[in-house]
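User: Please take a close look at one part of this model for me: its largest nonpolar core. Which residues touch the most other members, and which elements supply them?

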Amino acid sequence: MEDHPFDAYLSAQPQPQQRTLVAVAASIRTLLPGAFECISYGMPAFQVDGTSVAGLAGFKNHCSYFPHSGAVLARMSADLVGYDHNEGTLRFPVDKPLPKALLRKLVIERMRLEAERSAAGPKAREFYENGYLKFKGGVRDGRTHGAWSWYRKDGSLMRTGQFKLGAQVGTWRTFDRDANLVKETRF
């Protein structure tokens, strides 16, 4: 059996940090069921569509949550009263996991920020609150352009198609939840 990517990191943590970090990771896992779990910057991280959106680490006197963005915690300062934090790190006690309600807000804000960033660039993408992609595709001159894909809330692919400067082109395909082709339309 292959080890989980977090195993070595977490087993090296002393108690109570280890127990606290395991609890936080379990909560994030329920909030982002489709996230890829890996080690990023030497700490456990959760990635969505190739982007790290949540990380955690243990230290001697505190544990930390990392939103992998300098804007998330600043946007949430009212929710973070009582926690020590700076632009990219939220610190919490070694023996008290972050509440799931706060983790939910952190994850949702991070996903919202990621969608805002992509809307301003050559690629657009939006996420459901559970971290699964809602859609992704290219943008040129402010219009849909290139390959696009849409997904269901459970992460299954729903539709694919192409745009040329906002106009549907090529073959569009619709799939059921089991990835079976159910409809094909040519433009």
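Analyst: In this predicted model, the largest nonpolar core holds 36 residues. Those touching the most other members are Ile28, Leu32, Phe46, Tyr65, Leu90, Leu103 and Leu106. Several elements each supply at least two residues of this core. The helices among them are α1 (7-11), α2 (17-31), α3 and α4 (100-119). The strands include β2 (43-48), β3 (51-58), β4 and β6 (90-92). The largest share comes from α4, with six residues. In soluble globular proteins, nonpolar side chains tend to be buried together.

There is also a second, separate core of six residues. Among them are Ala124, Trp148, Trp150 and Trp172.

Now the sheet. Six strands form an open sheet, ordered β7-β8-β9-β10-β11-β12, with antiparallel pairing. The edges are β7 (123-127) and β12 (181-186). Each has a single partner strand, so one side of each is left without a neighbour in the sheet. From one strand to the next, the twist averages 10°. Strand β7 runs antiparallel to β8 (residues 133-140), and five bridges join the two. One bridge involves Lys123, whose partner in β8 is Gly138.

Back to a loop. Between β4 (63-66) and α3 (72-75) sits Ala71. Its relative accessible area is 25%, so Ala71 counts as partly exposed; buried would need under 20%. Arg186 is 115 residues away from Ala71 along the chain, and their C-alpha atoms are separated by 42 Å.

Definitions and conventions
Residues numbered from 1 in each chain as written. Predicted model: local features only at pLDDT ≥ 70, side-chain atom pairs only at ≥ 80, totals over all residues. Heavy atoms only, no water. Helix = DSSP H or I, 4+ residues; strand = E, 2+ residues; numbered from the N terminus. Buried < 20%, exposed > 50% of the residue type's maximum accessible area, 1.4 Å probe, protein only. Core = buried A, V, L, I, M, F, W, Y, C linked by side-chain atoms within 4.5 Å. Pairing = 2+ DSSP bridges. Axes fitted to C-alpha atoms, helices over the stretch in contact; angles between N-to-C directions.
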